[in-house]
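This report looks at selected features of a single chain: one helix, its charged pairs and its cysteines. Please keep the structure open while reading.

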Amino acid sequence: MKEVDQFTKWATDLQSIAQAGLHYGKDVFDRERYEQVRQIAGEMMVAKTGLPKEQIKTLFLGDEGYQTPKIDTRAAIIKDNKIMLVREKKTQEWSLPGGWNDYDQTTAQNCVKEAREESGRIVKPIKLVAVLDRNHHNKPILATNITKLFYLCEEQGGEFVANDETDACDYFALENLPKLSLGRNTKEQIDLCFKASKDPNWQTVFE
């Protein structure tokens, strides 16, 4: 489990306090102060990560209401002891099909949707492999808290077609994985999916 450094924790704590204050605060002067605190937290994350201000604004300062984690779903589709990965068009790195959970989808529905969009496959989620905090397992550490759900899925049809997000799709053995998008999935997380596929009594890993 990775530890979040103190500087990042200070910035995320300030952002959380400011966001809650902006949501619940009524006094106009208090709201101005909370907005100032929020902007300082954003500047701290720009200094820490080196990411552009606009990206920090979207990832770190774009939420409203009480701050809660975002949800990311991933589909683990295993056949002949190999797992399906898709290649991201921009980075040329590989990951399990998946992405942000849409507001109007359950996590299982979102898993099905993302698998269809990125791999062309029609899938049925059959087992929840793991529920993991992204910053405890994936790099780089982000200011936004993200909960990652890995579903073991049964492939029911479909075929890959290159799209705006992914330009390749293939099956890989655990010992022969391509360059992974570590922000989306690690070898350890993929290994959990393999283990879950072989264990009829698998219990969801969570923290």
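Which residue caps the N-terminal end of α2? In this predicted model, the cap is D27, a side-chain oxygen of which lies 2.9 Å from the backbone nitrogen of F29.

## Helix α2

Helix α2 covers residues 28–49, and for its 22 residues a rise of 1.5 Å a residue leads one to expect a span of 32 Å, which agrees with the 32 Å that separates its end C-alpha atoms. Just after the helix comes G50, whose phi is positive, at about 80°.

The buried residues of α2 are R38, A41, G42, M44 and M45. Because these buried residues fall within an arc of 155° when the helix is seen down its axis, they line one face of it. On the other side of α2 the exposed residues include F29, whose backbone nitrogen is the one that the D27 side chain approaches, together with Q36, E43 and A47.

## K148 and its surroundings

K148 belongs to strand β6, which runs over residues 146–158, and its relative accessibility is 2%, so the residue counts as buried. If neighbours within four places in sequence are left aside, the residues in contact with K148 are D72, R74, A130, V131, L132, R134, N138, G183, R184 and Q189.

With one of these contacts, D72, the side chain of K148 makes a polar contact of 2.9 Å, and the side chains of D72 and K148 also meet in a salt bridge, with 2.9 Å from N to O. This pair links distant parts of the chain, since D72 is in strand β1 (residues 70–79) and K148 in strand β6, 76 residues apart. Both D72 and K148 are buried.

## Other salt bridges

Side chains of opposite charge can pair when their charged atoms come close. How many salt bridges does a search of the whole structure find? The search returns 13.

Another of these pairs is formed by the side chains of K79 and E155, at 4.0 Å from N to O; here too distant parts of the chain are linked, with K79 in strand β1 and E155 in strand β6, 76 residues apart. K79 has a relative accessible area of 41% and is therefore partly exposed, while E155, at 27% relative accessibility, likewise counts as partly exposed. The side chain of E155 also meets that of R121 in a salt bridge, at 3.0 Å from N to O. Because E155 lies in strand β6 and R121 in strand β5 (residues 121–133), this pair ties together parts that are 34 residues apart in sequence. R121, with a relative accessibility of 13%, counts as buried. Elsewhere, D102, K113, E114 and E117 are joined into one network by salt bridges that share partners.

## Cysteines

A search of the whole structure for disulfides finds 0. C153 is in no disulfide, and the nearest cysteine sulfur to its own, that of C111, is 3.7 Å away, whereas the cut-off for a disulfide is a sulfur pair within 2.5 Å. C153 is also buried, its relative accessible area being 4%.

Why is the sulfur of C169 not bonded to the closest cysteine sulfur? That closest sulfur, in C153, is 13 Å away, which is too far for a bond.

Terms used:
Residues are numbered from 1 along each chain as its sequence is written. This is a predicted model: local features need pLDDT of at least 70, side-chain atom pairs count only at pLDDT 80 or more; totals for chains, interfaces and linings use all residues. Side-chain values use heavy atoms; hydrogens and water are left out. Helices (H or I, at least four residues) and strands (E, at least two) are DSSP runs, numbered from the N terminus. Buried means under 20% relative accessible area, exposed over 50%, partly exposed in between (1.4 Å probe, protein chains only). A polar contact is a pair of N or O atoms within 3.5 Å; within protein, one must be able to donate a hydrogen and the other to accept it, and residues adjacent in sequence count only if both atoms are side-chain atoms. Contact means heavy atoms within 4.5 Å. The expected span of a helix is 1.5 Å times one less than its number of residues. The arc is that of the directions from the helix axis to the C-beta atoms.
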